[in-house]
Amino acid sequence: MSGEVQQDSTLNWRWASLDQLLLIGFTLAAMVLFTLRLGDLPLKDWDEGLVAQVAREIWQAPAGSLTWLHPTLWGDPYFNKPPLVHWLIAGLYAVGGVNEWTARLPSAALTVLSVSLFYGIGREVFHTRLPALFATVVYLTSLPVVRNGRFAMLDGAILCFFLLLVWCLLQARRNYQYLLGAGLAVGLLCLTKGILVAVLLGGIGLLFLAWDTPRLLKQPYLWIGLALGSLPALAWYGAQWWHYGQSFLGNNLVEQSLQRIWTDVEENGAPPWYYLLELLKYGAPWVLFLPMGCRRAWANRNLSWAKLAIVWGSVYLLAISFMATKLPWYILPVFPAVALLVGAELAALWQQGRHSGIQQSLTPAYSRVWSMVFTGLAVGSGIGAVYFLRGVVPPQLDLVMLLAAVSGTMLMAAGLVARQNPQFISVLAWGTFLALLLLLLSPHWAWELAEAYPVQPVANLIQAHVPDQQQIHTSYPYNRPSLNFYSQHQVIPASQQQLRRLWRKDPTAYLLIDRPTLSALNISPERVVGTVDPWLLVTKRR
């Protein structure tokens with residue numbers, strides 16, 4: 001009897017060691033994806049420039065000014081979001097200076113941590129290791145997670161804290177004290193993106209408990225944890241209300257949160273199916289298995305993993321789909337739920353395939369349609385590679401390598417599927433990881449930077465010629481927070497009529513305009529103090 005106990009103990013130790021090795025492997029892979037050349041590209045519009053500037057004003061504020069408690073943006077109160085991530089960035093500024101790397105590192109580090117938390121969630125909800133492993137691979141190699149997790153934005157932190165909430169709720173099934181950690185996670189969500197997001201994500205957690213483990217809803221630890229975890233957030237909100245009064249409540253809670261439900265703030269409206277299209281566009285290749293994963297989850301809705309994925313994915317996707325304001329990064333918290341669904345399906349497909357040395361049914365497990373789909377993707381990627389090699393001048397060799405890697409991956413997967421070989425899943429995983437590495441080694445991972453003119457040369461021009469604290473008005477029609485950040489000046493869009501009035505009435509005016517606007521305003525070329533094509537910096541000061 002003692003020998004059997006010793007054998008079971010040894011086996012459990014080996015399984016635990018394997019989990020630890022997998023966890024270390026996933027963490028190292030995540031560190032590569034989320035930190036590789038992290039600071040090589042400039043910050044982008046919109047949120048990166050804003051977040052980085054608010055953090056800089058917190059860091060530069062005189063001691064005792066309480067700017068850390070009452071953040072500002074160009075000296076005005078910043079009501080948009082609570083400042084937890086801005087505090088982290090400001091702390092790194094104090095250590096490593098103000099640059100892209102220090103601005104992006106907090107979000108990247110929290111997203112790395114989210115990968116470890118997600119693997120822990122998978123091990124809790126799945127009966128076997130294989131679906132947890134595949135689900136983590138899917139989460140780690142999801143393009144929106146990798147991209148948005150690297151930006152100096154709040155979304156990597158949201159992913160991390162929500163996954164912490166779910167992990168604590170699952171751990172609480174064995175130890176009620178983890179409910180205190182769940183409450184802390186809700187408080188961190190409040191301090192990151194506000195009460196509305198915390199209520200939505202916390203509500204998803206409570207709905208899952210009500211379906212899966214309703215006894216936990218009666219535990220005092222849960223409600224004590226929520227109360228204690230919310231105290232710092234409530235204290236911060238109370239401090240803002242005490243300092244700013246009704247203007248804070250109206251701006252933060254209404255204009256920046258509730259109003260986004262029924263109004264397309266800043267003309268960011270879209271139809272209800274907008275996020276489904278985003279999922280299809282950026283979820284490749286794993287989105288191909290999502291319909292089958294959804295069907296499997298519904299068939300197994302008595303199991304914890306299915307309950308969690310169904311509640312998580314459906315409630316969150318419906319909530320953001322019926323909001324009037326739609327932004328691409330709002331979909332990010334759906335991807336862990338997608339990874340659970342796809343991971344469960346991939347594990348089933350792996351076991352259904354023909355394994356070497358194991359006698360199995362001769363009935364094909366994989367449809368020929370899959371092979372055709374992968375072949376089509378291979379051909380499409382190959383055509384794209386040829387286009388960027390031969391069809392553009394100069395050739396975009398980084399995109400050629402990226403698309404060639406995708407094409408090769410899809411072609412190999414198609415061949416393995418045709419032979420009913422489950423190793424096509426491994427090929428997809430490694431190929432997707434390699435493609436992401438090639439993307440991150442290129443400047444194209446932050447493709448938003450190509451949508452407008454580069455800001456750094458213009459920012460250097462402004463810094464060289466414009467006095468501190470001087471506002472600049474520009475003929476460019478949109479505000480660019482990244483230009484404001486790099487130039488350390490406010491560059492304000494203005495109509496031609498407004499520019500004409502400023503030039504006529506303000507003897508200290510600085511204008512950033514193009515040549516057609518220079519002619520339309522009848523400004524003498526002698527007033528041009530600097531040029532960065534196509535922009536001219538003009539002033540009456542000489």
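This section goes through two covered helices, the salt bridges and the aromatic contacts of a predicted model.

Helix 7 is a good place to start. It runs over residues 155-171, and its 17 residues should span 24 Å at 1.5 Å a residue; the end C-alpha atoms are indeed 24 Å apart, so expectation and model agree. Most of helix 7 is covered, with 15 of its 17 residues buried. Helix 15, residues 335-352, tells a similar story: 18 residues at 1.5 Å each should give 26 Å, and the 25 Å between the end C-alpha atoms agrees with that. Here 16 of the 18 residues are buried, so helix 15 too is mostly covered by the under 20% cut-off.

On to the charges. The structure holds 13 salt bridges. One of them joins lysine 193 to aspartate 155, with the closest N and O atoms 3.2 Å apart. Lysine 193 belongs to helix 8 (residues 178-193) and aspartate 155 to helix 7, so the pair ties together parts that are 38 residues apart in sequence. Both partners are tucked away: lysine 193 counts as buried because its relative accessibility is 14%, and aspartate 155 counts as buried because its value is 5%.

Helix 15 has a salt bridge of its own to report. The side chains of glutamate 345 and arginine 296 meet at 2.7 Å, N to O. This pair links distant parts of the chain, as glutamate 345 sits in helix 15 and arginine 296 in helix 13 (residues 290-299), 49 residues apart. Glutamate 345 is buried, with a relative accessible area of 4%, whereas arginine 296 counts as partly exposed at 27%.

A more local case comes from helix 12 (residues 274-282), where lysine 281 and glutamate 278 lie three residues apart, about one turn of the helix. An α-helix has 3.6 residues a turn, so residues three or four places apart point the same way. The side chains of lysine 281 and glutamate 278 do meet in a salt bridge, at 2.9 Å from N to O. Lysine 281 counts as exposed at 51% relative accessibility, while glutamate 278 is buried at 7%. Elsewhere, salt bridges link Glu124, Arg173, Arg174, Asp212 and Lys307 into a network.

Aromatic contacts come next, and the structure holds 29 aromatic pairs. In one of them, the ring centres of phenylalanine 134 and tryptophan 350 are 5.7 Å apart and the planes meet at 55°, so the pair is tilted. Phenylalanine 134 lies in helix 5 (residues 129-140) and tryptophan 350 in helix 15, which makes this another link between distant parts of the chain, 216 residues apart. Phenylalanine 134 and tryptophan 350 are both buried.

Tryptophan 430 and phenylalanine 433 have their ring centres 6.5 Å apart and their planes at 85°, so this pair is edge-to-face. Both residues lie in helix 18 (residues 424-441), three residues apart, or about one turn of the helix. Tryptophan 430 is exposed, at 65% relative accessibility, but phenylalanine 433 is buried, at 16%. Ring pairs also join Phe79, Trp236, Tyr237, Tyr244 and Phe248 into a cluster.

Finally, charges and rings come together. The charged end of arginine 301 sits over the ring of tryptophan 298, 4.3 Å from its centre. Lysine 540 likewise has its charged end over the ring of tryptophan 503, at 5.6 Å from the ring centre.

Definitions and conventions
Residues are numbered from 1 along each chain as its sequence is written. This is a predicted model: local features need pLDDT of at least 70, side-chain atom pairs count only at pLDDT 80 or more; totals for chains, interfaces and linings use all residues. Side-chain values use heavy atoms; hydrogens and water are left out. Helices (H or I, at least four residues) and strands (E, at least two) are DSSP runs, numbered from the N terminus. The expected span of a helix is 1.5 Å times one less than its number of residues. Buried means under 20% relative accessible area, exposed over 50%, partly exposed in between (1.4 Å probe, protein chains only). A salt bridge is a side-chain nitrogen of Lys or Arg within 4 Å of a carboxyl oxygen of Asp or Glu. Rings of Phe, Tyr and Trp (its six-membered ring) pair if their centres lie within 6.5 Å; planes under 30 degrees apart count as stacked, over 60 as edge-to-face and the rest as tilted. A charge sits over a ring if NZ of Lys or CZ of Arg is within 6 Å of the ring centre and within 35 degrees of the ring normal.
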